[in-house]
Amino acid sequence: MLEEPVLMAEALRNLEISALHFEPRLLFFGGVGLLVAGLCVWLGGLRWATLLAAMIGAMAGLICTSFAERRMAALVLMPIIAAGLAAFLKKPVIILSGAGMAAALTLFMLAGSELQTESLRGPSHPISYDGREPSTLGLSETVTEIHAEVIFWGETLLGAVKRMSSAAWAAGGVAAVVMIGTAFIWPRLITAVTCAGWGTMLIFAGMIIMLLHKGSMPLTFLYTRAAVVNLTLMVMVAFGTVAQLLLCPVERRKQDGRTQKKAGGS
């Protein structure tokens, strides 16, 4: 399907129709898992910094293996190794991911108008859409089709970003530098903002996947209301940041240890 070039709205519609044939349990439980994880990170990311860093590392490992030659050993080992390394580094990984997120969002917002008019050639899915009753793919077939969609949208977004002007790249760089620079002064604040951003994205991803499972066509709905969606995302990130700063106490282990030593010495 979609062997001929189409606009972005039609490519999103193609994904929604294709999702009707995906393994329903994978979409449902995957969506629920992302939604629950997103809520935890959105409101309590400062408490779950180690797990969030491990998740970021695992996602980075999966992305690397997706664009490389697919071998079972690499698909299993790369995310595990990346997750362990990221969990060890923790806060630097979270802050750097926040800087990358700020740069990416800046570039994607500036590339939005170009993507709307760009001619895309979406992935072709080996599914019959003519029958009245949609056929359901197996688990392995569903994973293969999802992998094709991830590669397609990743290459589409990266291609649009690469074609952007030097001014747009400079804007993305400034956004990243501001995040990193602010982290030197208020590391807890930037960590909370990053956790809120990740949590918001996970919540949206989980809801979209669950709605795709129900056949509600959420991508088309969100695409036609981009301004409202952007405002909602910013409000959720701001609320999640404030909630974490209020609900997650500051670590005082070092201070408590010094107090105990002074008490023992006296």
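Which helix gives the largest share of the nonpolar patch? In this predicted model, the answer is helix H8, residues 166–185, with three residues of the patch. The patch itself lies on the surface and is formed by Leu 96, Ile 180, Phe 184, Ile 185, Trp 186, Leu 189 and Leu 245. Together these residues have about 730 Å² of accessible area. One member, Trp 186, is found in the loop between H8 and H9. Trp 186 has a relative accessible area of 51% and is therefore exposed, the cut-off being over 50%.

From the surface, the description turns to the interior. In soluble globular proteins, nonpolar side chains tend to be buried together. Here, the largest nonpolar core has 14 residues. Those with the most contacts inside this core are Ala 11, Phe 22, Leu 120, Phe 152, Trp 153 and Leu 219. Three helices give two or more residues each to the core: H1 (8–19), H7 (139–162) and H9 (187–214). Of these, H1 gives the most, with five residues. There is also a second core, separate from the one just described and made up of 11 residues. Among its members are Leu 52, Ala 53, Ala 86 and Val 93.

The cysteines come next. A disulfide is a covalent bond between the sulfur atoms of two cysteines. How many disulfides does the structure hold? The count comes to zero. For Cys 195, the nearest cysteine sulfur is that of Cys 248, 8.4 Å away. A pair of sulfur atoms must lie within 2.5 Å to count, so Cys 195 is in no disulfide. Seen from the other side, Cys 248 has the sulfur of Cys 195 as its nearest cysteine sulfur, again at 8.4 Å, and is likewise in no disulfide. Are these two residues buried or exposed? Cys 195 is buried, with a relative accessible area of 0%. Cys 248 also counts as buried, at 3% relative accessibility.

Charged side chains complete the picture. The structure holds one salt bridge, in which the side chains of Glu 23 and Arg 25 meet at 2.8 Å, N to O. The two partners sit in contrasting surroundings: Glu 23 is buried, with a relative accessible area of 10%, whereas Arg 25 is exposed, with a relative accessible area of 58%.

How values were computed:
Residues are numbered from 1 along each chain as its sequence is written. This is a predicted model: local features need pLDDT of at least 70, side-chain atom pairs count only at pLDDT 80 or more; totals for chains, interfaces and linings use all residues. Side-chain values use heavy atoms; hydrogens and water are left out. Buried means under 20% relative accessible area, exposed over 50%, partly exposed in between (1.4 Å probe, protein chains only). A nonpolar core is a set of buried Ala, Val, Leu, Ile, Met, Phe, Trp, Tyr and Cys residues joined through side-chain atoms within 4.5 Å. Helices (H or I, at least four residues) and strands (E, at least two) are DSSP runs, numbered from the N terminus. Patches are made of residues with over 30% relative accessible area and no salt bridge: like charges are joined within 9 Å, nonpolar side chains (Val, Leu, Ile, Met, Phe, Trp, Tyr) within 5 Å. Accessible areas come from the Shrake-Rupley method with a 1.4 Å probe; for residues, only the protein chains shown count as cover. A salt bridge is a side-chain nitrogen of Lys or Arg within 4 Å of a carboxyl oxygen of Asp or Glu.
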